[in-house]
Amino acid sequence: MLQKAEKASKGSSGFWSTLFSGGPDLDEAIQLYVAAGNKYKMLKSWSESNDCFARAAELSVKQGDFVGASNYYTECGSIMKRVDIYGSIPYYSKAVDLYNRNGRFGQSGKILRQIAQDLEENCQYRESCEYIKRPVSYTHLTLPTIYSV
């Protein structure tokens, strides 16, 4: 399945093939990467699953589908959280950036709150507070008294 996805993302290499097929089929490649990622997730092969979803996100960005890419990066963060909380943060951060570009600040806030909760569960209180503060600038809300610094 991964080979099909890679082939679809690269497209045909010959002149005539490129002329008639129109280049790579990114939609098909994204669907194949997502399907492979879900299968790896069922097998609990977290690293492989994460790689598939990350590749789907990269192709979505290339295609201009930033909301889809955000969803795939969020999935990467959720997968990596099972392995390493700090490994999930870069993926979540990419999702937050893409959501912010599209004005979806509520989604960004939810992801940042999730990062803060995950860090808090690992007794990383100072870092947790930093992630709690970030959505406040997006939504212009006041901090809950429990997180006042």
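A: Contact, in what follows, means heavy atoms within 4.5 Å, and the model to which this is applied is a predicted one.

Q: Before any packing is considered, how many helices and strands does the protein have, and what share of its residues is buried?

A: The protein has 8 helices and 0 strands, so that, read from the N terminus, its elements run α-α-α-α-α-α-α-α. Of the 149 residues, 36% are buried. Turning to contacts between residues at least 6 apart in sequence, 47% of them join residues that are at least 24 apart.

Q: How is a pair of packed helices described, and at what angle do α3 and α4 cross?

A: The general description of two packed helices uses the angle between their axes together with the distance between those axes. In this model, the axes of α3 (residues 26–42) and α4 come within 8 Å and cross at roughly 160°. Because angles over 145 degrees count as roughly antiparallel, α3 and α4 are roughly antiparallel to each other, and α3 passes α4 in a left-handed crossing.

Q: Which residues of α3 and α4 meet?

A: On the α3 side they are L26, D27, A29, I30, Y33, V34, A36, G37, N38, Y40 and K41, and these meet W46, E48, S49, C52, F53, R55, A56, L59, S60, K62 and Q63 in α4. By class, the residues of this contact of α3 with α4 divide into 12 nonpolar, 5 polar and 5 charged.

Q: What is the phi of K44 near, and is K44 buried or exposed?

A: As a general rule, most residues other than glycine have a negative phi. K44, found in the loop between α3 and α4, has a phi near 60°, which is a positive value in a residue other than glycine. With a relative accessibility of 61%, K44 counts as exposed.

Q: How do the axes of α4 and α5 cross, and which residues make the contact?

A: The axes of helix α4 (residues 46–63) and helix α5 (residues 66–81) come within 8 Å, crossing at roughly 165°, which makes α4 roughly antiparallel to α5. In this pair, too, the crossing in which α4 passes α5 is left-handed. The α4 side of the contact is made by W46, S49, N50, F53, A54, A56, A57, E58, S60 and V61, and the α5 side by F66, G68, A69, Y72, Y73, E75, C76, I79 and M80. The residues of the contact of α4 with α5 divide into 13 nonpolar, 4 polar and 2 charged.

Q: What are N50 and A54 of α4 in contact with, once their neighbours within four places in sequence are left aside?

A: N50, which lies in helix α4, is buried, with a relative accessible area of 4%, and beyond its sequence neighbours it is in contact with C76, I79, M80 and Y91. A54 also lies in helix α4 and is buried, with a relative accessible area of 10%; leaving aside its neighbours within four places, A54 is in contact with C76 and Y91. The C-alpha atoms of A54 and Y73 are separated by 6.3 Å, although the two residues are 19 apart along the chain.

Q: At what angle do α6 and α7 pack, and which residues meet there?

A: α6 and α7 pack at an angle of about 165°, their axes being 8 Å apart, and they are therefore roughly antiparallel to each other. Their crossing is left-handed. From α6, I85, Y86, I89, Y92, A95, V96, Y99 and N100 meet F105, Q107, S108, I111, L112, Q114, I115, D118 and L119 in α7, and the residues of this contact divide into 12 nonpolar, 4 polar and 1 charged.

Q: Where do nonpolar side chains tend to be placed, and how many residues has the largest nonpolar core?

A: In soluble globular proteins, nonpolar side chains tend to be buried together. The largest nonpolar core in this model has 17 residues, and those with the most contacts inside it are I111, I115, L119 and Y131. At least two residues of this core are supplied by each of α5, α6 (85–101), α7 (105–121) and α8 (125–139), while the largest share, 7 residues, comes from α6. Leaving aside its neighbours within four places in sequence, I111 is in contact with T74, Y92, A95, V96 and Y99. A second, separate core of 12 residues includes A29, V34, C76 and I79.

Note on methods. Residues are numbered from 1 along each chain as its sequence is written. This is a predicted model: local features need pLDDT of at least 70, side-chain atom pairs count only at pLDDT 80 or more; totals for chains, interfaces and linings use all residues. Side-chain values use heavy atoms; hydrogens and water are left out. Axes are lines fitted to C-alpha atoms, for helices over the stretch in contact, and angles run from 0 to 180 degrees between N-to-C directions. Angles under 35 degrees count as roughly parallel, over 145 as roughly antiparallel, 65 to 115 as roughly perpendicular and the rest as oblique. A crossing is left-handed if the near helix is turned anticlockwise from the far one by less than a right angle, and right-handed if clockwise. Ala, Val, Leu, Ile, Met, Phe, Trp, Tyr, Cys and Pro count as nonpolar, Asp, Glu, Lys and Arg as charged, and the others, Gly among them, as polar. A nonpolar core is a set of buried Ala, Val, Leu, Ile, Met, Phe, Trp, Tyr and Cys residues joined through side-chain atoms within 4.5 Å. Buried means under 20% relative accessible area, exposed over 50%, partly exposed in between (1.4 Å probe, protein chains only).
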